[in-house]
Amino acid sequence: MISCLNTDDDMIQPKSLVYDLHEDVVAFSTTRFGGFSTGAYGEFNINRYCGDDAEAIRKNRALLCQQLGISDDRLIMPHQVHLAQSLRIDEAFLALSEKDRQTRLEGIDAVMTNLTDVCIGVSTADCIPLLVYDPRQHAAAAVHAGWRGTVQRIAQQTIADMAAAYGSQPSNLRVQIGPGISLDSFEVGDEVYDAFAAAGFDMTAIAKQYPTFNCQLSIINCQLSRWHIDLPECNRLQLLAAGVPEANISVADICTVQQSDTFFSARRLGIQSGRIFTGIIRKPHTRA
């Protein structure tokens, strides 16, 4: 359901896709609606690394923090680099200066915490976001899985990191896979296909060949084909392999390329455009 997170007033408010992940958390992905950014960043973008206006980002962050009922210093988003490194957000991290925080968040593609009133999240525009919650240990994680991170099995790595940090058991985890590029839209070169194959993935389960389309002639060439890869399914299969029950995994089934009017898509809008923020926050009444 796309809605405002926590307000009924008539002022500008970001609208988000809200997930029914668990009663102890608020889990969501932002849409393009309800902020101060313009052009390919419009309207709602809080990513500082994609070229948007700094003042628009500040105002958008303030709107989201107001909805979540937190201060800006408790809204955490890493600077992702398509690797598989995670970072634990704890009281020691929150005590750092803003400069030291940004240093710690550099090169991080998954964040996790067991604190209340701290919203952790990742930024995407076709890559796959995952939200993980452990209701037993009251721990949460947000994961950015582009194709490179998926090849490196960042979903499985984050589950292992949660086990090490909080004692989380995969059988207890609830996972939401958010909006991202679909199999139909994710055409790749042979080098990407080969990277997945070399990493030991079952290519029959995650890849399919599609005929090429000549845009100038508006014809389909059935004799030539390109590989497409199903990134949401690849991450879902990783979760299953890690021991997460199938019933505990939800998939948004939203293609950002096909729905770029609602969700940011770098393939449709270009790299210099806004990003979806997919976040999770433990409610104050949930205690570890």
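Strands β10 and β14 pair in the parallel sense, over three bridges. The model is predicted. Within this pairing, I177 stands opposite V251 of β14. I177 also serves a second strand: it is the bridge partner, in β10, of L130. Strand β10 spans residues 174-177 and pairs with β8, residues 128-134. That pairing is antiparallel and runs over four bridges. V132 has V175 of β10 as its bridge partner.

These strands belong to an open sheet of six strands. The strand order is β5-β6-β9-β8-β10-β14, and the pairing is mixed. The edge strands are β5 (86-88) and β14 (249-251). Each of the two pairs on one side only. On average, neighbouring strands of this sheet are turned by 15 degrees against each other, direction ignored. In a regular strand, side chains alternate between the two faces of the sheet. Helix α8, residues 231-242, lies across four strands of the sheet. These are β8, β9 (139-145), β10 and β14. The helix runs at about 25 degrees to β8.

A further open sheet of six strands has the order β1-β2-β3-β15-β7-β4. Its pairing is also mixed. Strands β1 (2-3) and β4 (75-76) stand at the edges. Each has a single partner strand, so one side of each is left without a neighbour in the sheet. Strand β2 (residues 16-19) and strand β3 (residues 25-30) run antiparallel and are joined by four bridges. In this pairing, S16 stands opposite T30 of β3.

Two backbone features fall in loops. A cis peptide bond joins G42 and E43, with omega at about 5 degrees. E43 lies in the loop between β3 and α1 (54-68). H82 has a positive phi, near 65 degrees, in a residue other than glycine. H82 is placed in the loop between β4 and β5.

H82 appears again in the largest pocket, as one of the residues nearest its centre. The others nearest the centre are A125, C127, H144 and A266. The volume of the largest pocket is about 500 Å³. Its lining is made of 26 residues. Four elements give two or more residues to this lining: β7 (119-124), α4 (147-151), β11 (187-188) and α9 (266-269). By class, the lining residues divide into 13 nonpolar, eight polar and five charged. Rolling a probe the size of a water molecule over the atoms shows where empty space is left.

The second largest pocket has a volume of about 190 Å³. It is lined by 15 residues. Closest to its centre are S182, P232, V251, D253 and I254. V251 is thus met twice: it faces I177 in the pairing of strands, and it lies among the residues closest to the centre of this pocket. Helix α8 gives the most to the lining of the second largest pocket, with three residues. The lining holds six nonpolar, five polar and four charged residues.

The structure holds four aromatic pairs. One of them is formed by W147 and F196. The ring centres are 6.4 Å apart and the planes stand at 40 degrees, so the pair is tilted. This pair links distant parts of the chain. W147 is in helix α4 and F196 in helix α6 (residues 190-198), 49 residues apart. Helix α4 is also among the elements that give two or more residues to the lining of the largest pocket.

Note on methods. Residues are numbered from 1 along each chain as its sequence is written. This is a predicted model: local features need pLDDT of at least 70, side-chain atom pairs count only at pLDDT 80 or more; totals for chains, interfaces and linings use all residues. Side-chain values use heavy atoms; hydrogens and water are left out. Two strands pair if DSSP finds at least two bridges between them. Axes are lines fitted to C-alpha atoms, for helices over the stretch in contact, and angles run from 0 to 180 degrees between N-to-C directions. Contact means heavy atoms within 4.5 Å. On a 1 Å grid over the protein atoms alone, a cavity is a set of points where a 1.4 Å probe fits but cannot get out, and a pocket is an open set with protein on both sides within 12 Å along at least five of seven lines; lining residues have an atom within 4 Å of a point. Grid points are joined across faces, edges and corners, and a volume is the space filled by probe spheres set on the points. Ala, Val, Leu, Ile, Met, Phe, Trp, Tyr, Cys and Pro count as nonpolar, Asp, Glu, Lys and Arg as charged, and the others, Gly among them, as polar. Rings of Phe, Tyr and Trp (its six-membered ring) pair if their centres lie within 6.5 Å; planes under 30 degrees apart count as stacked, over 60 as edge-to-face and the rest as tilted.
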